[in-house]
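Here's a guided walk through a two-part model, chain by chain. Keep the viewer open and follow along as we go.

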Amino acid sequence: MKRFFARNAPAYVFLLPWLIGFFLLALGPILASLYLSFTRYDMVSAPRWIGWGNYEYMFTRDRRFWKALEVTFTYVALAVPARLIMALGVAMLLDKGLRTIGLYRAIFYLPSLLGASIAIAILWRQLFAADGVVNQVLAMVGIQGASWITDPDTSLYTLVVLAMWQFGSPMLIFLAGLRGIPRDLYEAAEIDGTPRWRQFTRITLPLLAPVIFFNLVLQTIDSFKTFSSAFIISNGTGAPADSLLFYTVYLFNEAFKFFRMGYASALAWFLLVIIATFTAIAFFTSKYWVHYENERD
Amino acid sequence: MAGLTLRNVGKRYGALSIIQGLNLGIHDGEFLVLVGPSGCGKSTLLRMIAGLEDISEGTISIGGKVVNDLPASKRELSMVFQSYALYPHMSVRKNLAFGLQNFKVSRSEVERRVAEAARILQIEQLMDRKPRQLSGGQKQRVAIGRSIVREPQLFLFDEPLSNLDAELRVQMRAELASLYARLGTTMIYVTHDQVEAMTMASRIVVLRGGKIEQLGTPQDLYTRPQNLFVAGFIGSPKINMLQAKATREAGRTVVSVAGMPDFAIAELPTGDQALTLCVRPSSLRVGSGDVTGEGTIRLVEYLGSETLLHIALSSGQVLLVSDNGRTSYRMGDPVTIGFDLPDLHYFDSTGQRIEPIQKESQAQ
């Protein structure tokens, strides 16, 4: 054992920065939050063990928790398909072999780079405000627009539109996937008189399934974790009428506004369970719809 | 079945011209092979016939009907791709049936045609497999099967055997030839392999730089190549080329080749000039011939049915001789090699074939 460490010492020296980071900044806080989720902790006094108390409260008495779940699930159900469809559509347009494809790729990817930033969320708030650009444009064609962000019935949809607009990263992955489908499959289909729509449903979609699956899992995880845009647009409260009370916004408020660290930790662990469950479902069902060319039989 | 006519067909990509003013008539029921080196335009031409590439100029007619503006699916043809182009997520059965489902063919008719193609190509036991579970040869059969079920007027093959190993290629070549004999449908076959071209074609088109170098039967191309390019391209092992000089002398022409004795032939239509003489390795013999010369064996390649001898003349030029394989040779041995005058091919300085009016015997 001693000799083993002596022989591999240089490797450990090089690994040390990462190991320190992993144990102190990742694994340590993860385990600490698991412990804290079974305590009552306000960051001032020492954590007090309460067993399953936080979880019991969450599921049985906390109405806002259920509201946060509802908002988040609705958002995920709308934003993920919307963003993926948008991404695939633009990727298919770009796959037509435009000469300036590099430029377009960069332009379309830009919102994804900026998307999570505070500035874009503020811009979004102004675009969809009662006297914002969207309503001004609608007014030009004689339509009286709603107060999109302050109306609880429409506020969530403004965030779904924002999510659609951030299609850059799945689009790039789709584009790479489309490029990987051999051209001669389409040429064979062309000679066989296969209509475009049937080519899309019978060739493109099945052959793109591994990429769709990858994007679906990534975007689902990403959407469950949506925070900054909702936080900015709702002024950090989840308003109006909790219609923008995303799970992460609720969690943040519990932790850093009301200093209920134990409860916030429990919320965080339950979010992990939700994401893990959805990912597991996606992986389990994938064998029925994802075709891998090189998989073993 | 249908014949095909190409009139002044050209293809340009911007300023780059791939095919220029090409004229070609393909008979009904013919097996025509387009052969040529990489980049000669043969695949582009096939794709233009298929409707996968636009035509920059000229007309293409199938069965007497101009098809320039017809989409690929309306040209009543099918195509076998080099990569097989099988749909990887579909079983063999679905791959075979996929195209037919676009043509409003009844389900029972689809099943009948698929079963018939499977029987002809002996792939009945593979019908429920996916392409990844098939060997290269089996994939190629499925690809051919997909063409057969369409019952097209015209079959197009784009280098269909080039992804197969040598043994399988020979086997599939024979199978394709027997399929052609059985169906009798017009087939256009693209290859860069002149052996494939020679063994399967009714006629061969040799292409270079988007132009036809020669069109003819395999025998025509082998025995009377019209230019140096065709002489060098057709035939394996490759034809020997010798630089020569022709001098007119009293009603006959004396030909001088470095390392060989001068010899006389009937007058060449072009008079005194530099020539290229070509002689096939199988037309060169050890020990005898109308014209003989001395050389040294540089390399012996024993192939069983024949032995290839690389023999250096005193001029340093190395000639390839195909011997019958019954005699043993050693590197470094001095040998006499010879050829008969009727076996020589003459090409002028522009590389075009020239014919002496009448050949005479050797004159020292």
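Two strands pair if DSSP finds at least two bridges between them, and the strands (E, at least two residues) and helices (H or I, at least four) are themselves DSSP runs, numbered from the N terminus. With that in hand, take strand 9 (residues 203-208) and strand 10 of chain B, which pair in the antiparallel sense over five bridges. Before going on, some bookkeeping: this is a predicted model, where local features need pLDDT of at least 70 and side-chain atom pairs count only at pLDDT 80 or more, while totals for chains, interfaces and linings use all residues. Residues are numbered from 1 along each chain as its sequence is written, and chains are lettered from A and ligands numbered from 1 in the order in which they are written.

Back to that pair of strands. I204(B) stands opposite G216(B) in strand 10 of chain B. Strands 9 and 10 of chain B form a hairpin with two residues between them, and G209(B) in the turn has a positive phi of about 55 degrees.

Where does this hairpin sit? Strands 9 and 10 of chain B belong to an open sheet of six strands with the order 6-7-8-3-9-10 and mixed pairing. The edges are strand 6 (77-80) and strand 10 (211-216) of chain B, each pairing on one side only. Neighbouring strands of this sheet are turned by 15 degrees against each other on average, direction ignored; for such angles, axes are lines fitted to C-alpha atoms (for helices, over the stretch in contact), and the angles run from 0 to 180 degrees between N-to-C directions.

Now move to the other end of that order. Strand 6 of chain B pairs with strand 7 (residues 154-158) of chain B in the parallel sense over four bridges. If you want to check the register, S78(B) has F155(B) as its bridge partner, and M79(B) has L156(B). Strand 7 of chain B also pairs with strand 8 (residues 186-191) of chain B, again in the parallel sense, over five bridges. There, the bridge partner of D158(B) is V190(B).

Is strand 7 of chain B buried or exposed? Five of its five residues are buried, so strand 7 of chain B is largely enclosed by the rest of the structure. Here a residue is buried if 20 or more other C-beta atoms lie within 10 Å of its own, exposed if 12 or fewer, and partly exposed in between, with C-beta atoms placed from the backbone. In a regular strand the side chains alternate between the two faces of the sheet. In strand 7 of chain B both faces are covered: L154(B), L156(B) and D158(B) are buried on one side, and F155(B) and F157(B) on the other.

Chain B has another sheet to look at. Five strands form an open sheet in the order 15-19-16-17-18, with antiparallel pairing. Its edge strands are strand 15 (284-286) and strand 18 (318-323) of chain B, and the twist averages 45 degrees from one strand to the next. Within this sheet, strand 16 (residues 291-302) and strand 19 (residues 334-339) of chain B pair in the antiparallel sense over six bridges, with E294(B) opposite T336(B).

Zooming out, the domain assignment of chain B (bounds come from an automatic or database assignment) gives domain 1 (4-232) and domain 2 (238-354). Their C-alpha centres lie 38 Å apart. The contact between them takes seven residues from domain 1 of chain B and 10 residues from domain 2 of chain B, where two residues are in contact if their C-beta atoms, placed from the backbone, lie within 7 Å.

Chain A is built from 13 helices and two strands. Its C-alpha trace spans about 75 × 70 × 35 Å along its principal axes, and 29% of the 297 residues of chain A count as buried. Among the contacts in chain A with a separation of 6 or more, 71% come from residues 24 or more positions apart.

For a helix pair to inspect, try helix 3 (residues 63-94) and helix 7 (residues 155-165) of chain A: their axes come within 8 Å and cross at roughly 35 degrees. The helix 3 side of this contact includes V71(A), Y75(A) and L78(A), and the helix 7 side includes L156(A) and V160(A).

Finally, the two chains meet in a contact that takes 18 residues from chain B and 16 residues from chain A.
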